[in-house]
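Me: I am new to this structure and should like to learn how to read its features. Could we proceed one step at a time?

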Amino acid sequence: MSVKVFKIIGDGRRYMKAWPMVRQLGFYFPEYRVVRATHLGIMLMPFFAILAAISQVYVNGWAFLPQAIAILLFFISLPIQGLLWLGLRAKHPLPITLFDWTNQLTTKMSSMGITCQPLGAKACYLDMALILKTAFERLDKSYWEQL
């Protein structure tokens, strides 16, 4: 594997940790569902992979070892696919509408006395996730009910 793939997976892990796990955002962004599925996959898929491979060999014998390895690799690849998607999404530039909405959120937070840097010209989804995480930690619940 190239170093770029590992960098994308690392970006995906950072994005997964930065994304606020708030149910209201699940209506607008697919990240909520992808982060939950990837996190669950990281915890459970190694167990299911080993269970599937062992059961394949147990039921069909050692002659089916290549198929068992293929099944094992498939189950292991599922959370990696989620991390790759999150890593690519983290570095994707923001569309203008989200850029404007996030800048409005930062100005509202700044007016309330919360230190927050506005987005730069090359803002990406990871930058928005960090601002959203800060906003969900600091702003009151009534603001988010208006969403």
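Reply: Let us begin with accessibility: a residue counts as buried under 20% relative accessible area, as exposed over 50%, and as partly exposed in between. Please keep in mind that this is a predicted model.

Me: By that scale, is Leu-65 buried, exposed or partly exposed?

Reply: Leu-65 has a relative accessible area of 33%, so it is partly exposed. Its place is in helix 3. Along the chain, Leu-65 and Ile-76 are 11 residues apart, and 16 Å separates their C-alpha atoms.

Me: Which residues does the UniProt record list under "transmembrane region"?

Reply: The unreviewed UniProt entry lists residues 40-59 and 65-88 under that heading. Such annotations may be inferred rather than shown by experiment. In the model, residues 40-59 are 100% helix and 0% strand, with end C-alpha atoms 28 Å apart. Residues 65-88 are likewise 100% helix and 0% strand, and 34 Å lies between their end C-alpha atoms.

Me: How does the reach of helix 1 stand against the expected span?

Reply: The expectation rests on a rise of 1.5 Å a residue. Helix 1 covers residues 3-18, which is 16 residues, and reaches 23 Å from its first C-alpha to its last, close to the expected 22 Å.

Me: Which residues of helix 1 are buried, and what covers them?

Reply: The buried residues of helix 1 are Ile-8, Ile-9, Gly-10, Asp-11, Gly-12, Tyr-15, Met-16 and Ala-18. Their cover includes helix 2 (31-60), helix 3 (65-90) and helix 5 (125-138). Asp-11, a residue of helix 1, serves as an example: its relative accessible area is 5%, so it counts as buried. Beyond its neighbours within four places in sequence, Asp-11 is in contact with Gly-87, Ala-90 and Lys-91.

Me: How should one describe the way helix 1 and helix 3 cross?

Reply: One considers the approach of the axes and the angle between them. The axes of helix 1 and helix 3 come within 7 Å and cross at roughly 85 degrees. Angles of 65 to 115 degrees count as roughly perpendicular, so helix 1 is roughly perpendicular to helix 3. On the side of helix 1, the contact is made by Val-5, Ile-8, Ile-9, Asp-11, Gly-12, Arg-13, Tyr-15 and Met-16. Helix 3 contributes Ile-80, Leu-83, Leu-84, Leu-86, Gly-87, Leu-88, Arg-89 and Ala-90. By character, the residues of this contact divide into 11 nonpolar, two polar and three charged.

Me: Where does Phe-29 lie, and what does it contact?

Reply: Phe-29 lies in the loop between helix 1 and helix 2. With a relative accessible area of 6%, Phe-29 is buried. Contacts are listed here without neighbours within four places in sequence; for Phe-29 they are Trp-19, Arg-89, Leu-98 and Met-128.

Me: Leu-98 appears among those contacts. Which residues does Leu-98 itself contact?

Reply: Setting aside neighbours within four places in sequence, Leu-98 is in contact with Phe-29, Tyr-125 and Met-128. Leu-98 is found in helix 4, residues 96-111, and is buried, with a relative accessible area of 15%. Sequence separation and spatial separation should be read side by side: Leu-98 and Tyr-125 are 27 residues apart in sequence, and their C-alpha atoms are 9.2 Å apart in space.

Me: What does Tyr-125 touch, and how buried or exposed is it?

Reply: Tyr-125 is found in helix 5 and counts as buried at 6% relative accessibility. Not counting residues up to four places away in sequence, Tyr-125 touches Tyr-15, Glu-31, Arg-89, Ala-90, His-92, Pro-93, Leu-94, Pro-95 and Leu-98. For Tyr-125 and Gln-67, the separation is 58 residues in sequence and 39 Å in space, C-alpha to C-alpha.

Note on methods
Residues are numbered from 1 along each chain as its sequence is written. This is a predicted model: local features need pLDDT of at least 70, side-chain atom pairs count only at pLDDT 80 or more; totals for chains, interfaces and linings use all residues. Side-chain values use heavy atoms; hydrogens and water are left out. Helices (H or I, at least four residues) and strands (E, at least two) are DSSP runs, numbered from the N terminus. The expected span of a helix is 1.5 Å times one less than its number of residues. Buried means under 20% relative accessible area, exposed over 50%, partly exposed in between (1.4 Å probe, protein chains only). Contact means heavy atoms within 4.5 Å. Axes are lines fitted to C-alpha atoms, for helices over the stretch in contact, and angles run from 0 to 180 degrees between N-to-C directions. Angles under 35 degrees count as roughly parallel, over 145 as roughly antiparallel, 65 to 115 as roughly perpendicular and the rest as oblique. Ala, Val, Leu, Ile, Met, Phe, Trp, Tyr, Cys and Pro count as nonpolar, Asp, Glu, Lys and Arg as charged, and the others, Gly among them, as polar.
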